[in-house]
Amino acid sequence: DRQRRAAAPVLSVARGGGGLGIAPAWGALGMTAILGNAIRRVLPAALEPFSSGAAALSPPMWAAYAAFAAFMTYVEGYKAFHRKFSPMVVARALTLRDAPLHHVALGPLYAMGLFHASRKRLATSWGFVVGIAALVKLVKALDYPWRAVVDGGVVAGLSVGAASILYHYGRSLGGVDPPADAALP
């Protein structure tokens, strides 16, 4: 079965402006909205060091803040989102054009690979959901300024991730396939 899939020609999912249509837009832009909501929720804690009422950060803490934001921009934003997750989200969103109604209705969750996906994609996506939920709980327990440092990095990484989905989706509107497999079963 693997050999047959490997030998099968790869079909273009974006040809002819494949991102056009309500269903693909809902999948890709809905996922972007989920990330936007997460950014909105974390942003106040991330910006706390910049407010006049907050305790001033020491120079080493400012360095930690900047270093962690740069680290998360690269690792989470570029390596994880831009190179892997965002192209897969858009590739899956593009398959919503011909999908059953329940897939379309749950478009952003479908695009994330939380259902109707390969076993590996399901395990990866659900593993991330559970892992991120656990990390959120741990980070909420951190005191200032460490929570601000972590949340600053999270905002940076998620912002690059949201922009990356928009980038890949925009390219799909011009007929350029996202550089990822849709990981369908």
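This passage walks through the fold, the helices, the surface patches and a few unusual backbone spots of the chain.

The model described here is a predicted one. It is an all-helical affair: the secondary structure comes to 7 helices and 0 strands, so the order of elements from the N terminus is simply α-α-α-α-α-α-α. The chain has 185 residues, of which 39% count as buried.

The last helix, α7, spans residues 146–173. With its 28 residues, α7 covers 41 Å between its first and last C-alpha, close to the 40 Å expected at 1.5 Å a residue. Just past α7 comes Gly175, a glycine with a positive phi near 90°. Helix α7 also holds both partners of a salt bridge, Arg147 and Asp151, which sit 4 residues apart, or about one turn of the helix. The closest N and O atoms of this pair are 3.1 Å apart, and the count for the model comes to 1 salt bridge. The two partners are covered to unlike degrees. Asp151 counts as buried because its relative accessibility is 4%, under the 20% cut-off. Arg147, at 27%, is partly exposed.

Two patches stand out on the surface. One is positive and is built from Arg40, Arg41, Lys137 and Lys140. Two helices feed this patch, α2 (22–47) and α6 (119–140), each supplying at least two of its residues. Arg41 belongs to helix α2, and with a relative accessibility of 57% Arg41 counts as exposed, since the cut-off for that label is over 50%. The other patch is nonpolar, covers about 360 Å² and is made by Leu43, Leu47, Phe50 and Trp62. Of these residues, Leu47 lies in helix α2, which therefore contributes to the positive patch and also carries a member of the nonpolar one. Leu47 has a relative accessibility of 42%, so it counts as partly exposed.

Helix α2 has an inward-facing side to its story too, in the sense of accessibility. Gly30 is placed in this helix and is buried, with a relative accessible area of 6%. In space, the C-alpha of Gly30 is separated by 7.3 Å from that of Gly107, although their positions lie 77 residues apart along the chain. Residue 107 opens helix α5, which runs 107–112. At the other end of α5, Met112 is found in the helix and is buried, at 14% relative accessible area. Met112 and Arg92 are 20 residues apart in sequence, and their C-alpha atoms are 7.9 Å apart in space.

A further pairing across the sequence involves helix α3, residues 59–94, where Lys84 is placed. Lys84 is exposed, because its relative accessible area of 60% is over the 50% cut-off. Between Lys84 and Pro178 the C-alpha distance is 10.0 Å, with 94 residues separating the two in sequence.

Then there are the backbone oddities. What kind of peptide bond joins Tyr144 and Pro145? The bond is cis, with omega at about 10°. Pro145 is placed in the loop between α6 and α7. Two residues other than glycine also show positive phi values. For His116, phi is about 45°, and the residue sits in the loop between α5 and α6. His116 has a relative accessibility of 37%, so it counts as partly exposed. For Ala183, phi is near 55°, and this alanine is placed in the segment after α7. Ala183 is buried, its relative accessible area being 10%.

Taken together, the picture is of a chain of 7 helices with a positive patch fed by α2 and α6, a nonpolar patch that includes Leu47, and a salt bridge within α7 between Arg147 and Asp151. The loop between α6 and α7 adds Pro145, with its cis peptide bond to Tyr144.

Notes. Residues are numbered from 1 along each chain as its sequence is written. This is a predicted model: local features need pLDDT of at least 70, side-chain atom pairs count only at pLDDT 80 or more; totals for chains, interfaces and linings use all residues. Side-chain values use heavy atoms; hydrogens and water are left out. Patches are made of residues with over 30% relative accessible area and no salt bridge: like charges are joined within 9 Å, nonpolar side chains (Val, Leu, Ile, Met, Phe, Trp, Tyr) within 5 Å. Accessible areas come from the Shrake-Rupley method with a 1.4 Å probe; for residues, only the protein chains shown count as cover. A salt bridge is a side-chain nitrogen of Lys or Arg within 4 Å of a carboxyl oxygen of Asp or Glu. Lys and Arg count as positive and Asp and Glu as negative; His and the chain ends are not counted. The place of a charge is taken as NZ of Lys, CZ of Arg, CG of Asp or CD of Glu. Buried means under 20% relative accessible area, exposed over 50%, partly exposed in between (1.4 Å probe, protein chains only). The expected span of a helix is 1.5 Å times one less than its number of residues.
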